[in-house]
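User: Please go through this model with me, setting each label against the rule behind it.

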Amino acid sequence: MSGIPRFRSGLDGIVWPPVPVGDAATVAALVARLMASERLPLAEIEAAQGTQLARLATHHARHSPAFRTRLAAARLSRSALDSVAALRRLPAMSRRQVQDAGKGFGAAQLPISHEPTGEVTTSGSTGEPVRLRKTAVCRLLWAACTIRDHLWHGRDFAGRMTSIRPTNPSYIEMEHWGNPVGELFVTGPAQAMPGTTSIDEQVAAIDRFQPEHLLCFPNNLKALADRWTARPEGRPASIRHLRSVGAMLSPDLRVRLEDMLGLPIEDNYSSAEVGIIAVQCPGRELYHTMAESLVVEVLADDGRPCTEGEVGRVVVTDLHNFASPMLRYDIGDYAEVGGPCTCGRTLPTLRRILGRKRNLLMKADGSRFLPRAGFETFHKIAPIQQYQVVQHALDDIEFKLVAVEPLTPAQEEAFADTLRKALQFEGRIRVVQSREYLPDSIAGKYEDFICKLDTAG
Amino acid sequence: MSVPTGGPSDVEGIVWPPLLVGDSAQLAALVTGLEGTQWCGRTELEAAQGEQLGRLALHLSRHSPAFAARLRSAGLSAADLGRIDRLASLPVLRRRQLQDAGADFFARQVPKGHQPIGQTKTSGSTGEPVTVQRTQVCRLFWAACTVRDHLWQGRDFAGRMTSIRPTNPPYVELEDWGYPVATLYATGRAQAMISTHDIGEQAALIDRFLPHSVLAFPTNLRALADIWKARGEVPAGLRHLRAVGETVSEELRAHVEATTGLGIEDNYSSQEAGVIALQCPASGLYHVMAESLVVEVLDDDGAACAEGEVGRVVITDLHNFASPLIRYDIGDYAEVGGRCTCGRALPTLKRIRGRERNLLIKPDGTRHWPLVGFHRFAEVAPVQQYQVVQLSLEEIELKVVTAAPLSEAAAGALGEIVRGALDFPGRVRVEQLRTRLPLSRSGKFEEFVCHVRDAPPARPIP
């Protein structure tokens, strides 16, 4: 059995079996291939990545001045990057290098079948915008990986879907889910609203629409979960799938949300620059990298590849972007390398996506780790709506709390103690109470831990 | 693995994962779709067929005058055909009716996505040539079903393939298997030759090429099998014998299997309707291509045959928007099969029996499937080839090709074997030949041909 639901037919008069046409046919064919390639032996996947990489690198060596310079600086020939092993000889490229390269970064020529291109600008958590071009082929890979995510999680396309994102322009109801799913499959209706919609309005709109699928940023989901758990009827019973996108989902928040809502959170790790990087394996904590589209490396501070259980910087190579040489691009995130997954898929894994360096606690010895605030025990002290931990110095942490009722000095001290133990932090912890929800940091993303020490990148 | 992880890519610079565009992407998507639909329940399958048939009937009722008239005379509307159980209300279309309709048969408009349109002419075993227009969509379904055949039989696309057909060029070697397989998969090399080559020469060319599979007409496969048996071995690496073009008789199937150790993988198709049914590797039954055709098997009263019964094959092409091949009597006989052990819900045929002219007619008017007793010929003489021709209700001619002349006694013994096997009350005359029997104009060879004219009316086949 192919395991792929019935496609939408694009041919006049043909409803069964459906025959997709145009890009939909290309994506449909690609999805089928991905469902097969995800179970290839890892050595075969890496060999295939190498074959594709060789084509990409040769193209950019010919057409991108910045890439030629990078190769020359690394003493690599134009045809040297013909395997994943060879790729490691090219030093990683920072956001700053992409910015500095300016117009010389992109390829001056592009095969016509990769047209049209579009420009992507990422704000970046450090306020360093990066501009690059992505192609029609990048879009096809994004579409196929998006559909793969749906298929893995067994989402019923006939169901109703609600999307809440900062980029949704205004409230809208549609007859289908939109691209890429609506292009390929017959779907149920969809509802979309901007992330700036007030939580009360969101709750009312969702109650009215009764979706089966809800997609939003993690902090938005947390705000919804707070409202739902505070009312007698709880969350809408129609919801079957909770999809988290757009920002790092901290382990604390995941546990809290799953506990509050009684549903697993289905997470997806993506970026504007390279599309979908990894998709959470259904029913498991590991994230599978999209190895057909990207080479994803996790590197230690000395540049060596991290082994299972180690945390390092995420460095990606987009195998199909012939407009911008996104080879060994340091995306600015940290992740923990995972081991083989029990699902049988052979795509490499990440155990946790830790987010930006600025979301990691810095210890006195300069090492960093993903902080856990001990959120699961907060309710024993007092009901809390939101929190944020800001590290200002190696020995100074600000602990912002949005409580339902004002906290007593004893409660403040208890929260500080809980955090101190969870972080194993020996410095000062200052509790600051707030009555209002804390603002999003960037691009609609809320960060529950921010380190303000040397956080470039 | 049904879906390739490598293979050809249509986008410059992209080799992995391969990206297909246009027709190749459609084909890949359809093959994937068929991988799912073959496991649908029978009810779901028939509901989907009805949905598609409704669309087709609506189009044809607007654009084909002959089809509109057929519907009218049956008191049906296009919407009535939206349910498969209503299809039987439409009388069967005979070849003669198709010929008589002339240009009015074809749709005067065909949706753009179904173009271009090609013409197929079939000579027809009864000498009634028929012209049918087939669309790009028909071609797509033919391609998808052809790929399905390979996938079912587990043929290794990396292997070499030999094709022997009357329509092939004299001899050619190719880099790949060609359309449709090479559109989706990286394949090994292919060798193609015309079937009129001497069998010894064919065998020598195959020995040189060492293919993984050989595709040929069944009688050609039998001739090759005999050569391989005589020398004591089949070519190294040969794994698949694929039959096309002619009806595979039970005798021929058993003989080839006993001789080579390889089963015949058969494919029942026609010029008018493409691939009709594929043999299942699990059971040997033929699965009907229910996503592309409604295949009925009807008795002489027009009622649907039950499992084990033999009747006329009547097909409805669900996707031909140019020619209304709806309940079209294709001129073949088949035996209805039961549920297959493979788990696929696609209906089955147990045996494809061929044309009416391949039936023996007894003096009482009953038609019989001829079993001529070939397996016993070797007890009498080494027969290289044979053909049985029924000349009249009282007389049969047995043509035998042998290397050396047969004695009168041996010839008589062969005749007696045939007479006994057929349970024929008349006379069997034996004609001896030293050279191979000629093929028909279409390159086909029939082991049994009935030339009886003015026979009593047909009666149900035992």
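The exchange below takes up confidence, overall form, one helix, one strand and the contact between chains.

Analyst: This is a predicted model, in which local features need pLDDT of at least 70 and side-chain atom pairs count only at pLDDT 80 or more, while totals for chains, interfaces and linings use all residues. Residues are numbered from 1 along each chain as its sequence is written, and chains are lettered from A and ligands numbered from 1 in the order in which they are written.

User: What is the mean pLDDT of chain B?
Analyst: On a scale from 0 to 100 for the predictor's confidence in each residue, chain B has a mean of 91, with 95% of its residues at 70 or more. The model as a whole scores ipTM 0.83 and pTM 0.85.

User: Why is chain A called as compact as a globular protein of its length?
Analyst: The globule rule is 2.2 Å times the number of residues to the power 0.38, and the radius of gyration is taken over C-alpha atoms. For 457 residues the rule gives 23 Å and the radius of gyration of chain A is 23 Å, so chain A is as compact as a globular protein of that length.

User: How do you know that helix α6 of chain B has the span expected of its residues?
Analyst: Helices are DSSP runs of H or I with at least four residues, strands are runs of E with at least two, and both are numbered from the N terminus. The expected span is 1.5 Å times one less than the number of residues; for the 18 residues of α6(B), 136-153, that gives 26 Å, and the end C-alpha atoms are 26 Å apart, which agrees. Just after α6(B), Gly154(B) takes a positive phi of about 65 degrees.

User: What makes strand β12 of chain B mostly covered?
Analyst: A residue is buried if 20 or more other C-beta atoms, placed from the backbone, lie within 10 Å of its own, exposed if 12 or fewer, and partly exposed in between. In β12(B), residues 310-317, 8 of 8 residues are buried.

User: Which strands pair with β12(B)?
Analyst: Pairing requires at least two bridges found by DSSP; β11(B) pairs with β12(B) in the antiparallel sense over 6 bridges, and β13(B) pairs with β12(B), also antiparallel, over 5 bridges. Ile315(B) is the bridge partner of Val295(B).

User: How many residues does each chain bring to the contact?
Analyst: With contact defined as C-beta atoms, placed from the backbone, within 7 Å, chain A brings 39 residues and chain B 40 residues. On the side of chain A that touches chain B, α1(A) gives the most, with 11 residues.

Note on methods: Two residues are in contact if their C-beta atoms, placed from the backbone, lie within 7 Å.
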